[in-house]
Amino acid sequence: MDQLPVIIPMTLLIFSLLTPLLGQVWGGSVFAATLCGVFISTIASFLALDRVLTHGTLYYDLGGWAPPVGIEYVVDEVAAYVCVVITTVSFLVLISTRRWVLKESADRSTGIFYSLVLLLLGGLTGIVVTGDLFNLFVFLEISSLSAYALVFIGGRNAMLAGFRYLIIGSIGGAFYLLGVGFIYFATGTLNMEEARLLLPDAEATRAVQAGAVLIFAGLGLKMGLVPMHFWLPDAYQHAPSSVNSLISPIMTKVAAYAMLRMFLSVFPHGYLTDIVPVADALVILGLIGIAFGSIAAASQTDIRRMLAYSSISQLALIAVGIGLATPLAFVAALLHIVNHAAMKSTLFLAAASIRLQVGLQKVHNFAGLGRSMPVTMAAFTLAAISMVGIPPTAGFFSKWYMIQAGLNQGDWAVVVVVLLSSLLTAVYLFKVLEQAYLRPAKSNIVHDSHDDTPSSAIRTEVARAKESQIDVWAPLIILAVAIVAIGVFNVVIIDNILRPGVS
Amino acid sequence: MNEIFSSPLPLIAVLIPVGAAMLIALTTSRHPNLRDSWSTVAAILLVVVVLLMLNETRQGRLAQMTIIELSPGIDIALRADPAGMIFGGLASGLWILAGVYAVGYMRGGNEHKQTRFFSAFALSISAAIGVALAENLLTFVLFYELLTLSTYPLVTHRETEEAIVAGRKYLTYTLSGGLLLIGATAWMHVLGIDATFSAGGFLHQAGLNQATQWGLFGMLALGVGVKAAVMPLHSWLPSAMVAPTPVSALLHAVAVVKAGVFGIVRVMVFVFGSALLQEMGAWIVVAVMSGATIVIGSTLALRHDNLKRRLAYSTISHLSYIVLGVALLGPIALTGALLHIVGHGVTKITLFFVAGAIHVRTHKDNVSELDGIGRQMPITMGAFTLASLSMAGIPPFVLFTSKMYLGWGAAEVGQQVFLAVYLVSGVLSAGYLFPIILRAFMRTSPDHTRYGEADMRMVMPLAITGVLALVLGVLPDFPFHFYNLAHAVADSASGLNSTIVGGVQ
Amino acid sequence: MIELISERFPYWATMLLLIIGLYGMLGKRSLLKKIIGLNIFQSAIILFFISGSMREGGSVPIIEGLHSGAHPHPEDFVNPLPHVLMLTAIVVGVAITGVALSFLVRIQREFGTLDESILLEEVRK
């Protein structure tokens, strides 16, 4: 049981080595092996959460070297909770996307594909469990590298998007590393908890301030925070369907988690609010991002690009929560991490399902889909309602607590922007629902896509389109139900996990 | 005085229509008769449950159900207090009739996607009952938003360009209103106020400064004012008339707009309370706005030839009767306002039913086309005549009773201006409705087509509601004890002793 | 002024390299030059860590003669930890460069060019 912190990421990393080898021998087993790896990690995450709640924070010294010499893994309530979200959502998404992976990738490359996915997940969970600043950088780069590759394989248009993503992402990682360097030379330690103890003495130095700014700039880039968001829409739009439903709900969220970790575990209380104006900057950029993302999403015609801009806006909401830097705001941000993971994976999976089933990705061609793909669209609708923030769906509650946090701080800008963003979200999502449910199906479809992914070759008429298979839509329904369940039982999550985690 | 007991009845009342919606969706259009019978069965069950709760409420025992803690410190909870029972009784009682009527209308008009229509219809009723029984502000907001959402498919049912545009407008208005309510609710929570409705209000105990009071009042009043269609927030309502007539009838004469008006009652009587509003002077703002809406709405109704649009403006005007009655802050005016919720619901639903019956039978939508229709559809137009007399406030119809109270209430608090507003608007109501009756009965039809009465499923409900407009005027306590309830609410709101009192003292 | 520059010489050198690297990544049209820019950028950070670990007069941190009772002082040695970290950072950098180069190969095969503006036009078509 004491090994749990290391089991979560290591299982994924080990399986990422095994799957390509397995793929060489017996291609059919690759998916099962991947799922098995993620499943073990999911179970470990749940066990870790349970153990944290009963026994308190888990510590693990990697390789038996005690900190500060060795690397320490720390799993507290928040880390366990984020691990559970990552592994569970990816488990469901993987099941749902199996058919598309087979469709989208050549036979022999499925092993490589799943290896990259596992590497990505291993990196992400690693970021969550590590208690070491430099180790976080390594995991950040592991996950980013696999994400670059996964985006890149999305076909002709994805290539340039993937390359740009690589350049921008590497700059982000390098900024972070540079910031860590400043912190290290000021304190002499890389261990987060020790840095927290040593930083007060080093507070005044300009080096630490520069370090804080660089760390947040780097993570902001990875997170797609306005104005560092420009890589994100291209990357999400052109990535293969099976990839964007995985990286969009999880990847940027983990960067947000890393930011939160800086507030909770690295910088002493009040440091980022009073001495370096990082928190204020986060709030302001977040508010701009919420408005910008929603407005930009409303003007998109491609569903994936629309959802990508929507992600920018939702991530900005999390950034606002982190920037407000009160326990309630942290709770709101953490709640939105799970909410957005569930909502965005549902939306992206539904969009991908439509694309693979009917070959459509332009919203104005969605007419009649409500009738031909009822289950998929029902899940989409539920997620959309939650995105708008109608109670008692999950999306309402993150906004609800965020507004309260804003009011507590007397920050009316937060209240107004968060409330208005609901309306803006309704604008672009109801545009989709209107098409799907209220317009009659067209029999001849106008030219839809110009990219040369294999799927766009399949172009059936919407009216005759069929619902996707059960293994595709079942995870979708589970996620959609989860959206309501999280909303209704949000107090359970908050009281047991989040409040102890952020105090 | 009054006692609160835990009972699952309020939750059952909310869940019955949800169950009906699910059964309707599962039955689908393969078994239309079975599907359409679910609504009726559920409506009857709902009325039984409401009557059971009502029986307790009248004895001062309020059924209460706490469902779950929705946010730390705030429960989602339902309570059958007298004010809620007025709205709940009205909505559930009229659902039976509207449900039967809707079947006749949808089948008669050969409408598409009937399964979706009836499911959403039942869900809207559920949300309306939830609005009625909400025990605190957050629960109210939750059902208020769900009401918006579940009526959206009804407004856009026709799926024409016009319907889609109307749907967008509807969502924009009502969602914005909902956001203001959410903001205000969060604000109260942050201020540490327990937003459980209580007759006479609770905010005066909180010791807030003036700016906060006005801020909260502005957000709450605007938030519910949107659905109450107080000018200038009204323009979604005439657009939403593009919906099929049963929707206009039940939802835009009863459930949705009455939820807005009921929200005004909750905000002004159960959140702020008359003492605080008097002190703030906030009532005068609401009174002037609603007074203006009454006159302007009635005047605009005169100008519209389309029957449903005319009725829509009439609705806008009459909703503000209620808002004004509440804003006058007197117990008599409040009694009148609550009775007007009921009376206007029964009366206006008749008028809409008639408009729908004429549409299905003759495809005529404009007043100018209705020459001689009275001789061809005597029962229908007879009901229309009864309802029109009620609208104009002729004794002994139901709206005479409520208007009498409203006017009396205005005089009681020394606001003769508003008494004049009520009187003028009564004349205007006659002005936009009586010419229709004259046309229908006195003139002869220009075309030679002989139209008979519409389907029985449509004629029966409209005849019943038409007669009810008369019966409730004579026997206001039949069968839901509306008069007693209204009186009890008014008494408890002004702190008088009474046999039954709403909310916790 | 001169004193400031000479005292903080490693910082200025790092800054200069960072700016050159950024310019390479954002200003150059050729994708290959962008990768070169990225490498310069990463090297700057490595340089920063290494220079930070330096100590005037310090020697290689290999401690001998512990058994004979000598007490080594930390001030006599350069800080070994940043060197270790940078070994890892170099590995990460190599991995990124490798992935980036493999991207370039695919892009060259697909489009026949590595010029960003031409590629953008190709994609927009």
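Okay, let's start with one helix, H13 of chain B, residues 331–362. H13(B) has 32 residues, and from its first C-alpha to its last it reaches 46 Å, close to the 46 Å you'd expect at 1.5 Å a residue. Before I go on, keep in mind that this is a predicted model.

So, where does H13(B) bend? At B:His340, by about 25 degrees. And is H13(B) mostly buried or exposed? Well, 30 of its 32 residues are buried, so the helix is largely enclosed by the rest of the structure. For anyone who wants the cut-off behind that word, buried takes 20 or more other C-beta atoms within 10 Å of the residue's own. Then, just after H13(B) ends, there's B:His363, which takes a positive phi of about 60 degrees.

Let's zoom out to the chain around that helix. Chain B has 19 helices, H13 being one of them, plus three strands. Along the principal axes, the C-alpha trace of chain B spans about 70 × 55 × 40 Å. What radius of gyration would you guess for chain B? A compact globule with 505 residues would sit near 23 Å, and chain B comes in at 21 Å, which agrees. Over the whole chain, 64% of the residues count as buried. As for the contacts in chain B between residues at least 6 apart in sequence, 82% of them join residues at least 24 apart.

Now put chain C up next to that. Chain C has five helices and zero strands, so to speak an α-α-α-α-α read along the sequence. Here the globule rule gives another picture: 125 residues in a compact globule would have a radius of gyration near 14 Å, but chain C has 21 Å. The box around its C-alpha atoms, along the principal axes, is roughly 75 × 40 × 15 Å. Buried residues make up 23% of chain C. And of the contacts with a separation of 6 or more, 51% are between residues 24 or more positions apart.

Last stop, the place where chain A meets chain B. How many residues are in contact there? It's 21 from chain A with 22 from chain B. On the chain A side, three helices each supply at least two residues: H17 (394–408), H18 (412–438) and H20 (490–502). The largest share of that side comes from H18(A), with eight residues. By type, the chain A side divides into 16 nonpolar, three polar and two charged residues.

Okay, that's me done, over to you.

Definitions and conventions: Residues numbered from 1 in each chain as written. Chains lettered and ligands numbered in written order. Predicted model: local features only at pLDDT ≥ 70, side-chain atom pairs only at ≥ 80, totals over all residues. Helix = DSSP H or I, 4+ residues; strand = E, 2+ residues; numbered from the N terminus. Expected span 1.5 Å × (residues − 1). Bend = angle between axes of the 7 residues up to and from the residue. Buried ≥ 20, exposed ≤ 12 C-beta atoms within 10 Å, placed from the backbone. Contact = placed C-beta atoms within 7 Å. Nonpolar A, V, L, I, M, F, W, Y, C, P; charged D, E, K, R; others polar. Rg over C-alpha atoms; globule rule 2.2 N^0.38 Å.
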